[in-house]
Structure formats: structure tokens, C-alpha cells
Amino acid sequence: MQVAEALQKWSMTVGLSASAPGRNAEILLGFLLSALLVGLAFQKITKTLITLRALALAPTLSRRVSEWVKSLDYSEHEAWGADGAGEEWVQRRKDAIDRLADFFRSHCAKSIAWGDEIRDSFSDLRFTDANRVPFPFMRMMREKFSLCSVVTESKGPKLRDLDGNWNIDVSGSYGLNLAGFDRYKEWMEKGLEKVKDLGPVLGPLHPVVSENISILKSISKLDEVSFHMSGTEAVMAAVRLARFSTRRKFIVCFSGAYHGWWDGVQPGLGSERNISDCLTLKDLNPASLDLLRRRAHEIAGVLVNPVQSFHPNLPPPSDTILLTSGVRKTEASTSPYAQWLRQLREVCSASGIPLIFDEVFSGFRLASGGAQEYFGVEADMVVYGKTVAGGMPIGVVCGKKELMRRFDPEHPMRIAYVIGTFSAHPVVMGAMNQFLHWLERPETAELYVEGKRRCEQWVLSTNESLGQLSLPVRVMNFSTIWTVLFKEPGRYNWLLQYYLRAEGVTMSWVGTGRCMSSLDFTPEDYRELHAKLINAAQKMKSDGWWLNEEQQPGREKTMRSRLIWEMAKSVVQIPRPLSSFYVEVMQRKNDDHHASHSNLVNQFFHLLSSSTFIFCYFFIFFDFKLSMALGMAALFVRQIGHAILEPPCHDKEKALLGFNTRNKSIIISGYMLILIVQIALLMRNGSLSLESFTSTMPTVAGQWFLLTLAAVFGRVIYLIWAHDFRSSMLWFIKLITDPFTDIIAYYNSADKIFRLPPSRGSEVTQ
């Protein structure tokens, strides 16, 4: 009763009639529905804005751009002149590449032959081989080089290839080699000895598994452990368990982080699946923390790759992306990232979101307790891989009890199906046991300190030498992980990996982007690596890959404009017939310039006339008479250059389908005749004066214009009749665009003509 009275009073307040309750109910219902829709729309808009502020757009944009960008293969000449360098540098670079290719063919003949034999049958090799360099250079580099690292022996930080060469290894075996190959060989042998009586029994567990679990729990400070066969598989398991336990959809990653090849956490390039359940946010950004607070009820977990502290928000470092030097950057200090992780930990704890550390790559490289110890932040789940199995393949998930369960206690038919046949393979468990015991030794902590100190000293001494030699290269490290930075703009920085390989440095397929030193690197090993890096950089500079401003004026602007133009051409593909038409037009222009434009003064006359023609092209719409007059003056200057300063070249002009000198003289005479006739008419009428002559100029300009149309289109019709339509269009397009290409071809003619001779003092200096 009270509710009814309240509604009636409210209805009267808003102007509803008490005598029409049915109508009032409809209005009230409509009002409530409208309010609900407005509220939902506001909520949706607010969530979208919050998400957009935090969302990293690069992964989404890169996937979109990858659908637009088409194949772009440089020819050899285009490749070595991609930065706009002159012909002398292009030739020097070509010779350098040929020498480098010859070196590999002679020093790595067996490895190359072995790789060639299996390449067509081994898709993994083709993939890594194709992803060493930026894509426009791929085809040409594959033709020149057929690199394949085929190794048969390891000793200390060195690998012996199939040809007997010993190379210093900085690939780190994708992160596995922390302690040094010799230790891993020992652990693998002793691990096998421990379980050899069991053999490859799967299902039943070897007793060593219990010991491994106990040590892993102690290191991770977490409740439970799950074994898998790879780091990627372990990430997949961690994500599935987090979603199962929280009953939430979204996983949060951060821009630039890599979490294995599974497309569920690969929102950028490499995944074709529509990623609707993974949010890629900005690292070190308060907006990301705000999103976690606002959308906590939707987020199953936050994935963190600690190596991102080295290069937050940037793509995983690889030489493939070195289109310019600015792509690769590093942070000078990890302190801001440590503070960021602490803030992230606080937000996740307050919001009930699991924090997951992906230490597949970084695990046990930063410290014996991993990134949790290094940054002083505890995660809810930790994923390990590579290193922890003592040289064998592994993936490990450690987590809190409530996150690791596979069954829902309230719904017994609801399960998280996470299992693997080889998850606790006896041989893997045996080698893991050896590594974990080594990790617990007090002297191992000293190895970490000493290894980091040696790497930092090497970085300092190497950078000092690079600076003294004015080489545009620096190295930066994060513990024993290091990368090469390029300090000057350049299109060929990715080539350093080839020079380093020639010096005897083994690198992974990402090149100079991510390198690692194992803890067994001695001061002598670092001195050798120092010398190899310096030698490789010096040879690159000597071969003309890093030009300075004096050697190539305006190089940075030229490189940037060329790169933009190339990317635009790659995205907007020109139809092949149009492309071939363009090539033929430009070839005819080139032939024409060589046929009858060799005289320097004639080139200067063409520069003047072309500038005037371009002006007339646009000014004719505003002042027809003046434009035609200027055009005729430019035409006379242009033809005087041909008639007086250049040989007639009738045969060459005929082959190019254009007017020969005789034809041009007849057309020029026609223009002159029109002018003479008008002057004669004025004289006959006795009205020859400047004023009367000026008044007749519109008539003269109109007749000149008609003669021009007759000459041009008459020639087009003749070429269609004598040859074909394509030939006529080649000549026509070449003709009307000649002023623009003449500017490009002859822009420095004036400088050559009017350049002052050097003073006597400068001659002495030279």
C-alpha cells in the first residue's frame, strides 16, 4: 500500500496522470528501460576508455599491417644502395659481401653442404634462416649465404663446427646455458646414471621426482609443482589453471613480452588466431594498473616476463626488425622496473588477480632464486624451463595450492585437463636433480656474483674501445644477458651478425638482439670476445656500411624518406602491368639522357626549361597568355641546347620514338610562323605597337596551344598506327613527365657550372 502511494506521488511529481494507470505503467517501464540502457552504455563506454588508455596498440597494429604488407625483394644493386649511398659505396659493399660469402664458403664448406642437404626437408631451418634479416633483404641474402650452425663438440664456452672451427658461443642455447656446457654434460651423464636402471618408464615415477619437487618448492616459495615438456607448454598449463581457478576469461600480458609460440599469449606477429581473451597492456604505465583494478573480475592472471625490464614495451630484440637503428633500446637501470613490479604485486593482491612470472628464459640466470629473488617480488605462479633440467628439455609450473588444482571441489565433473606424457621423464628428472643440487651450493652464489661482475667489466671495456675507435656500436647488459645497440642511423646494422660469425662468434637466429655469457666465461674468453666484436665492427665500417655525414650528406633524411616510400610501396602494391610500364618509361628517359643530354651546359638549359615548364603546368589555369609565352621561351632554350650543343643523334632519337632534331626544327618554325603572321597583320593594318602587340597575344597563345596539341596528339596517333597503343603511351607519359625527371637528373648542373675554383690555399691543403 505504501509502495503504491509512493509511486502515485512520484507519478504526480513527474506529471503522470492518476486517471490513466495503464498509460502511466508504460511510461514508467519505458523510463526504467531507458535508464538501464543509458547505464549499460555508460558502463561500456567507461570500460572501453579505461582499456584503450592501457592497451598497447603495437601488437594489434603489427598484425593488421602484416596483412597489408606485400613481398618486397631488393635486387643486389637496390639492396646495397637502400640508404641512398652513391655508386662508389654500392660497389664497395658489393665487393665486401662477395668476400664475406667466399669466406664462409671456404671456411664452412661442410656445414653449408650439410645444411643445403636437409634444408628442403627441415622447415625449422628454413624458418630461422629466413628470419635473420629485414624482409626486403631476405631473398638476396639467401642467394649469397647458406648459413647453418652444425656443431659436433663443446669445450668451455666454445663450440666446434663440422669443419673443425672453434667458435665462441654467445647464443646461450636460447637461455639454457647458464652454467657452462661442461657442467651440463656432467649433469646429463650423472643424471642418466641415476635412473639408467629404470629406463624410459612413463607413468610410474622415479623416486628422484620427490626430491626435485622439494627443492623447487623451496626455491619458488610456492606450494605445488607441475612438470611439462617445454616452456611454451608450461605457459599454456599456467594460463589454463589460472582461468580454471578464477573462472575468469582474460589473461594480461605486456607489450613486447614473449611467452612462447602458443597463440593464446601471442597477440602480435606469428599468430593468426583472433585473440579475444588476451589483453596486451603497456609496461610501466599507471593506466595499466588502473585497468587491473577496474576489470579485476574479468582477469584470470597477469603474465610477466622479467627480461622486459631490459627493454620494456619494445618487441623481442631480433636483427629482423632492424629497419632503423631506433627500434632497439635498453633501460640503463632495472630499479624503475623493480618498483613497477612491486606496484603490480600490490594491485594484483588487492584485486585478487594471480601474478604469474614467466621465467622460462630468465629463470636462474638473474639469481639462484630467479626473478623473485632478483626483484624482491613474490609471484602466485612461476613458470620455469630450459636451464632447470640440467640440459634436458623441461617446463615447470610452480604455484599456490588454490591455483594448481585440476578439479573443482563443488563441481566434480568440471576439470582442468593439464597433463603430459613425458612430464616427468626419468632421464630429465635425473639431470634436473643434478642442477638443483648445484644451485643449492654456497659457492654457486659466488659464481653468480663473479659472472655478473665479469660481464659488466667486459661491457665497460668494450664500449670504451668502441668509442675510441668512433664505431657506432655499444653493448648493454642485464646480468649476463647482453645486446648490441647501434648509435647511428643505418639500414645495415643487421649485417653485424654476419661479420661476427666470420670472426668466430656463434649466435642464435635472432642475431645481435639477445646474447648471453655463461658463468664459465673466463677473463681470457671475454678478452677474445672483445677483440672479435671490435674487429667485426671495424670491418663493417671499412666496408662502407656505416657512412658519416661527410661521406653521405643528408643520409639520415634520405634513409628515412626511402624507407617510408618502400613501406608505402609494400603496403600499396602497384599492379604488375603498371609497374612494368613505369620501368620502361624510366628506362627510355635514361636512354634519352644518355643519347642527347651529355653536354653540361645543355643539362643546365634543361634544368631551367624544366623548372619553367613545371611552373607553367600549374600557372596556366590562372594566366593562360603568360604561361604560353614562358613555355615558348623555355622550349626555345631547350631546343637551342639540342641543336647547337649536342649532336643530332637522329638514329637514337628515332629508336626512342620521339621527334628527331629535324622534326623539332619544323615544329619550332611553326611556332615562329604564328608569331610572324600576327606581327605582319599588325604592320599591314598600320597598328604595330606594344599595346596592339600585347592585345594580340591571347590569340597567339591560343594558336600556340592548338599547335602543341596537334603536334603531341598527332604523334600519339602516328605511333599507334606505326607501332601500338602501349608504345604511344610510353612516349606520351615520358614527354609530359620529362620536366620533373629532368629536375632530378640535372639538379646539380648549376653547381657544376658555377662552382668557384678552389683557392690557392685550399689547393696546397689538398
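Is Asp290 buried or exposed, and what is its relative accessibility? At 17%, Asp290 counts as buried, because the cut-off for that label is under 20% relative accessible area. Bear in mind that this is a predicted model. The close-ups below start with the whole chain and then come back to Asp290.

**Figure 1. The chain at a glance.** Before zooming in, here is the overall picture. The predicted model has 29 helices and 16 strands in its chain. There are 766 residues, and 48% of them count as buried. Take the contacts with a separation of 6 or more: 75% of them are between residues 24 or more positions apart. The accessible surface adds up to about 38800 Å², with 61% of that belonging to carbon and sulfur atoms. As for charge pairing, the salt bridge count is 27.

**Figure 2. Asp290 and Arg294 pair up in helix H12.** Helix H12 covers residues 286–294 and holds both partners, 4 residues apart, or about one turn of the helix. Their side chains meet in a salt bridge, at 3.6 Å from N to O. The two ends sit in different classes of exposure: Asp290 is buried at 17%, whereas Arg294 is partly exposed, with a relative accessible area of 47%.

**Figure 3. Asp182 and Lys185 form a salt bridge in helix H9.** The closest N and O atoms of this pair are 3.4 Å apart. Asp182 and Lys185 are separated by about one helical turn, because they lie 3 residues apart in H9 (residues 181–195). Asp182 is partly exposed at 37% relative accessibility, and Lys185 is partly exposed at 38%.

**Figure 4. Glu524 meets Arg527 in helix H19.** Here the salt bridge comes in at 3.0 Å, N to O. The partners are 3 residues apart in H19, so about one helical turn separates them. Glu524 is partly exposed at 47% relative accessibility, while Arg527, at 51%, counts as exposed.

**Figure 5. Four charged side chains share a network.** This view takes in Glu76, Lys94, Asp98 and Lys144, which are linked by salt bridges. Side chains of opposite charge can pair when their charged atoms come close.

**Figure 6. Asp520 is buried without a salt bridge.** Asp520 sits in the loop between strand S16 (515–516) and helix H19 (523–542). The nearest side chain of opposite charge belongs to Arg183, 5.8 Å away. That is no salt bridge, because the rule asks for a nitrogen within 4 Å of a carboxyl oxygen. What the Asp520 side chain does have is a polar contact with the side chain of Ser518, at 2.4 Å. Beyond its neighbours within four places in sequence, Asp520 is in contact with residues including Gly156, Pro157, Phe181 and Arg183.

**Figure 7. Val133 and Trp494 come together from far along the chain.** The two are 361 residues apart in sequence, yet their C-alpha atoms are separated by 6.3 Å. Val133 belongs to the loop between helix H7 (123–130) and helix H8 (138–144). Val133 is buried, with a relative accessible area of 2%.

**Figure 8. A nonpolar patch on the surface.** Tyr617, Phe618, Leu735, Ile736 and Phe740 make up this patch of about 430 Å². Helix H22 (600–619) and helix H27 (725–746) each give two or more residues to the patch. H27 supplies the largest share, 3 residues. Leu735 has its place in H27 and counts as partly exposed, at 33% relative accessibility.

Conventions: Residues are numbered from 1 along each chain as its sequence is written. This is a predicted model: local features need pLDDT of at least 70, side-chain atom pairs count only at pLDDT 80 or more; totals for chains, interfaces and linings use all residues. Side-chain values use heavy atoms; hydrogens and water are left out. Buried means under 20% relative accessible area, exposed over 50%, partly exposed in between (1.4 Å probe, protein chains only). Contact means heavy atoms within 4.5 Å. Accessible areas come from the Shrake-Rupley method with a 1.4 Å probe; for residues, only the protein chains shown count as cover. Patches are made of residues with over 30% relative accessible area and no salt bridge: like charges are joined within 9 Å, nonpolar side chains (Val, Leu, Ile, Met, Phe, Trp, Tyr) within 5 Å. Lys and Arg count as positive and Asp and Glu as negative; His and the chain ends are not counted. A polar contact is a pair of N or O atoms within 3.5 Å; within protein, one must be able to donate a hydrogen and the other to accept it, and residues adjacent in sequence count only if both atoms are side-chain atoms.
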